[in-house]
Amino acid sequence: MSVESIFQAVIDLNPPKVVEDVTAEIAAGTAVNEILNQGLIRAMDVVGERFSAGETFVPEMLMSAHTMKAGVEVLKPYLSGDDVKKVGTIVVGTVHGDLHDIGKNLVCIMLEGAGFNVVDLGVDVLKEKFIEAAKEHNADIIGLSTLLTTTMCVVEETVEAIHAAGLGDSVKILIGGAPLTQDFADRIGADAFAPDAGAAGKVARELVLQ
Ligand code: B1M
């Protein structure tokens, strides 16, 4: 049992072993961030590299996602605190055309931990849906996630639509996901960029408390 064995169990596509090892590492007092970053997320990076190299295919990526989710479920109570006073509401989703949700789900967990009421719209979310949900829930922030370079333009279109709907003054826009950067956020007129789930919680708090 070790963080290394969690990493290996994700690579081996073995959810029961991931659950067993994550549970054991928590009991042994290993830092939750180490389990997440060095065990689970590092394994997804290896899966991605193998996919790029043509060594694995979509079914394996799908199974690796399922395996990682089993580990995240065990970690979830340790990532978000229940007793944090609510600081605001954030509507979050993966933009239209993109089905990746593991990173977005982690971001939602960390935002809850940072004190937000989180409205998770899921994946493949149309720009109109973000606007409608932000109005309905009187959101302070809209969070846009994407993992594909091909859907970066959809993030830009969604930001434009939010501004065109007149929400830009009352609702801040936070973006994140592997291909996105602070430069990209500045260029498209988003209010903030967060490189990872931990940073998303911190940046979102800064946006509403500033
Ligand atoms: Co896909 N996929 N995938 N995939 N997939 C990537 C992203 C890829 C990099 C793999 C590769 O080629 N190396 C590549 C994208 C290349 C590119 O665009 N440049 C890719 C591709 C090409 C594809 C398909 C096109 C493959 C195909 O069909 N030919 C297809 C696209 C389908 C679609 O979306 N329309 C596809 C499909 C899939 C699966 C469905 C099989 C599956 C996703 C299952 C799921 O999510 N439920 C999948 C997977 C698992 C991956 C990899 C292997 C893992 C993604 C992941 O979960 N990472 C991925 C390779 C990789 O990431 N290394 C890959 C772990 C996660 C914790 O990290 O999501 O980056 P991440 O989230 C981080 C940060 O980015 C940030 O915080 C998170 C936590 O710290 N963050 C935010 C994310 N959102 C944020 C929002 C914020 C703030 C921070 O504020 C709102």
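Student: Which residue of β3 stands opposite I90?

Tutor: In this predicted model, the residue of β3 that stands opposite I90 is I141. That pair belongs to a longer match, since β1 and β3 pair in the parallel sense over five bridges.

Student: What is the order of the strands in the sheet, and in what sense do they pair?

Tutor: A sheet is read by walking across it from one strand to its neighbour, which need not follow the numbering. Here the sheet is open and has five strands in the order β2-β1-β3-β4-β5, with parallel pairing. The strands at the edges are β2 and β5, the latter covering residues 192-193, and each of them pairs on one side only.

Student: How many bridges join β1 to β2, and which residue of β2 stands opposite G88?

Tutor: Strand β1, residues 88-94, and strand β2, residues 116-120, are joined in the parallel sense by five bridges, and G88 has F116 of β2 opposite it. To follow the chain between two such strands, look for the element that links them: with helix α5, residues 102-113, β1 and β2 make a β-α-β unit, and this unit is right-handed.

Student: Where does the ligand sit, and which residues come nearest to it?

Tutor: A ligand site can be read first as a space and then as a shell of residues. The space that the ligand takes up is the largest pocket, and the elements giving two or more residues to the shell are α3 (32-52), α4 (58-79), α5, β3 (141-145), β4 (172-176) and α9 (197-209). Of these, α3 gives the most, with six residues. There are 36 residues around the ligand, and those that come nearest are S52, L99, H100, D101 and S145.

Student: How do the shell residues divide into nonpolar, polar and charged?

Tutor: The shell holds 21 nonpolar residues, 10 polar ones and five charged ones.

Student: Which polar atoms lie opposite the oxygen and nitrogen atoms of the ligand?

Tutor: Here one reads atom pairs and their distances. A polar side-chain atom of D45 lies 3.3 Å from a ligand nitrogen atom, while polar backbone atoms of T149 and A197 are each paired with an oxygen atom of the ligand, at 2.9 Å for T149 and at 3.1 Å for A197.

How values were computed:
Residues are numbered from 1 along each chain as its sequence is written. This is a predicted model: local features need pLDDT of at least 70, side-chain atom pairs count only at pLDDT 80 or more; totals for chains, interfaces and linings use all residues. Side-chain values use heavy atoms; hydrogens and water are left out. Two strands pair if DSSP finds at least two bridges between them. Helices (H or I, at least four residues) and strands (E, at least two) are DSSP runs, numbered from the N terminus. A crossover is right-handed if, with the strands pointing away from the viewer, the path from the first strand over the helix to the second runs clockwise. A residue is near a molecule or strand if one of its heavy atoms lies within 4 Å of it. A polar contact is a pair of N or O atoms within 3.5 Å; within protein, one must be able to donate a hydrogen and the other to accept it, and residues adjacent in sequence count only if both atoms are side-chain atoms. On a 1 Å grid over the protein atoms alone, a cavity is a set of points where a 1.4 Å probe fits but cannot get out, and a pocket is an open set with protein on both sides within 12 Å along at least five of seven lines; lining residues have an atom within 4 Å of a point. A molecule sits in a cavity or pocket if more than half of its atoms lie within 2 Å of its grid points. Ala, Val, Leu, Ile, Met, Phe, Trp, Tyr, Cys and Pro count as nonpolar, Asp, Glu, Lys and Arg as charged, and the others, Gly among them, as polar.
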